[in-house]
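These are my notebook entries on side-chain pairings and selected contacts. I worked from confidence to rings, then to charges, then to single residues.

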Amino acid sequence: MAKKQPFQVVYEDNHIIIVNKAQGVLVQGDSTGDKTLSDYVKHYIKEKYNKPGDVFLGTVHRLDRPVSGLVVFARTSKALERMNELFRKREIQKTYWAIVGKKPEKKSGKLTNWLVKDEARNIVKAFDEEVEGSQKAELTYRYLGEINHSHLLEVNPITGRPHQIRVQLAKMGCPIRGDVKYGFPRPNLEGNINLHARRLYFVHPVKKEPIICKAALPENPFWEEFLELEPEDVKTENLDFLY
């Protein structure tokens, strides 16, 4: 039996392809040499469109290996340049779901920290004030509810720093379930963490049409319980922020 590919295509055209990545898959290569999401998606494009030779696929942004959800790739160098520009100008709205073990003190809020990455240990520290070599990180969150002593937060990162959501929520006292690197007491059985890139909204850089994508939750009974907490207002809320 063929191994199930570790992504689902959520949107594709001649310019970009957006996929829902399974947890545990690298987006881009690292020292492990493991097969990457980029490799899998290139193979998918090559097979589907019968492409001879190498397939161009530009990585626009990344998700950490234990995180699931939406990843955007560019299919042309022009689309890559334009998508990079959207991310640089923050003209893209990303919404994550995070399951945490502790309820935050406030139902919603904005977190601002200064982050310093320890490259050797691949861990990020968050500070309340600017320190040498730090980068400012901002996100907003809102509390969606509780199931079985676990709490669901909807998170909108304003900046895009490595490990940002993980370290900022941990700094607030709410580490993500399974994220032992940032203070959750025990790992998840699957080795993942309960952070999922749920929605993306942006104006297509070539077609100039609004693109709204939503990634199905991982096929996991624990995650699926939280679907009932999805707010009714997600279809329209905040989708005018670009205009």
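**Entry 1. Salt bridges, overall**

For this entry I took a salt bridge to be a side-chain nitrogen of Lys or Arg within 4 Å of a carboxyl oxygen of Asp or Glu. With that criterion I searched the whole structure, which is a predicted model, and the search returned 15 salt bridges.

**Entry 2. Confidence**

Before going further I looked up the pLDDT of the protein chain, which averages 92. I noted that 94% of the residues score at least 70. I then looked up the stretch 239–243, where the pLDDT is below 50. Beyond near neighbours in sequence, residues 239–243 have 15 contacts in the model.

**Entry 3. Aromatic pairs**

I described each pair of rings by the distance of the centres and the angle of the planes. How many aromatic pairs are there? The count comes to two.

I looked up Phe-7 and Tyr-44, whose ring centres are 5.9 Å apart with 90° between the planes. An angle over 60 degrees counts as edge-to-face, and I recorded the pair of Phe-7 and Tyr-44 as edge-to-face. Phe-7 belongs to strand β1 (residues 7–12) and Tyr-44 to helix α1 (residues 37–48), so the pair ties together parts that are 37 residues apart in sequence. I checked burial for Phe-7 and Tyr-44 and found both buried.

Next I looked up Phe-222 and Phe-226, with ring centres 5.3 Å apart and planes at 55°, so I entered this pair as tilted. Phe-222 and Phe-226 are buried as well.

**Entry 4. Charges over rings**

I searched for charged ends placed over rings. Which ring lies under the charged end of Arg-177? It is the ring of Phe-222, with the charged end 3.6 Å from the ring centre. Phe-222 therefore appears twice in my notes: in the tilted pair with Phe-226, and under Arg-177. I also noted Arg-198, whose charged end sits over the ring of Trp-97 at 4.6 Å from the centre.

**Entry 5. Individual salt bridges**

I returned to the salt bridges and examined several of them. Side chains of opposite charge can pair when their charged atoms come close.

I looked up Asp-128 and Lys-171, which form a salt bridge with the closest N and O atoms 3.9 Å apart. This pair links distant parts of the chain, 43 residues apart: Asp-128 is in the loop between β7 (123–127) and β8 (135–147), and Lys-171 is in helix α3 (residues 164–171). Is Asp-128 buried or exposed? With a relative accessible area of 54%, Asp-128 is exposed. Lys-171, at 42%, is partly exposed.

For Lys-136 and Glu-138 I recorded a salt bridge with the closest N and O atoms 4.0 Å apart. Lys-136 has a relative accessibility of 38% and counts as partly exposed, whereas Glu-138 has a relative accessible area of 13% and is buried.

I then looked up Lys-214 and Glu-230, whose side chains meet in a salt bridge at 3.1 Å, N to O. The two are 16 residues apart and link distant parts of the chain, with Lys-214 in strand β11 (residues 210–214) and Glu-230 in the segment after α4 (221–224). Lys-214 is partly exposed at 40%, while Glu-230 is buried at 15%.

I also found a network of salt bridges that links Asp-64, Arg-166 and Asp-179.

**Entry 6. Three single residues**

I looked up Thr-36, placed in the loop between β2 (16–21) and α1. Its relative accessibility is 6%, so Thr-36 counts as buried, being under 20%. Leaving out residues up to four places away in sequence, Thr-36 touches Val-25, Leu-26, Val-27, Gln-28 and Gly-29.

I located Glu-146 in strand β8, and its relative accessible area of 45% makes it partly exposed. What does Glu-146 touch, not counting residues up to four places away in sequence? I found His-151 and Leu-229. Glu-146 and Leu-229 are 83 residues apart along the chain, and their C-alpha atoms are separated by 8.3 Å.

Last, I looked up Asn-156 in strand β9 (residues 150–157). Asn-156 counts as buried at 16% relative accessibility. Neighbours within four places in sequence aside, Asn-156 is in contact with Gln-93, Lys-94, Thr-95, Leu-139 and Thr-140.

Conventions: Residues numbered from 1 in each chain as written. Predicted model: local features only at pLDDT ≥ 70, side-chain atom pairs only at ≥ 80, totals over all residues. Heavy atoms only, no water. pLDDT = per-residue confidence, 0-100. Contact = heavy atoms within 4.5 Å. Phe/Tyr/Trp six-rings, centres within 6.5 Å; stacked < 30°, edge-to-face > 60°. Helix = DSSP H or I, 4+ residues; strand = E, 2+ residues; numbered from the N terminus. Buried < 20%, exposed > 50% of the residue type's maximum accessible area, 1.4 Å probe, protein only. Lys NZ or Arg CZ within 6 Å of the ring centre and 35° of its normal.
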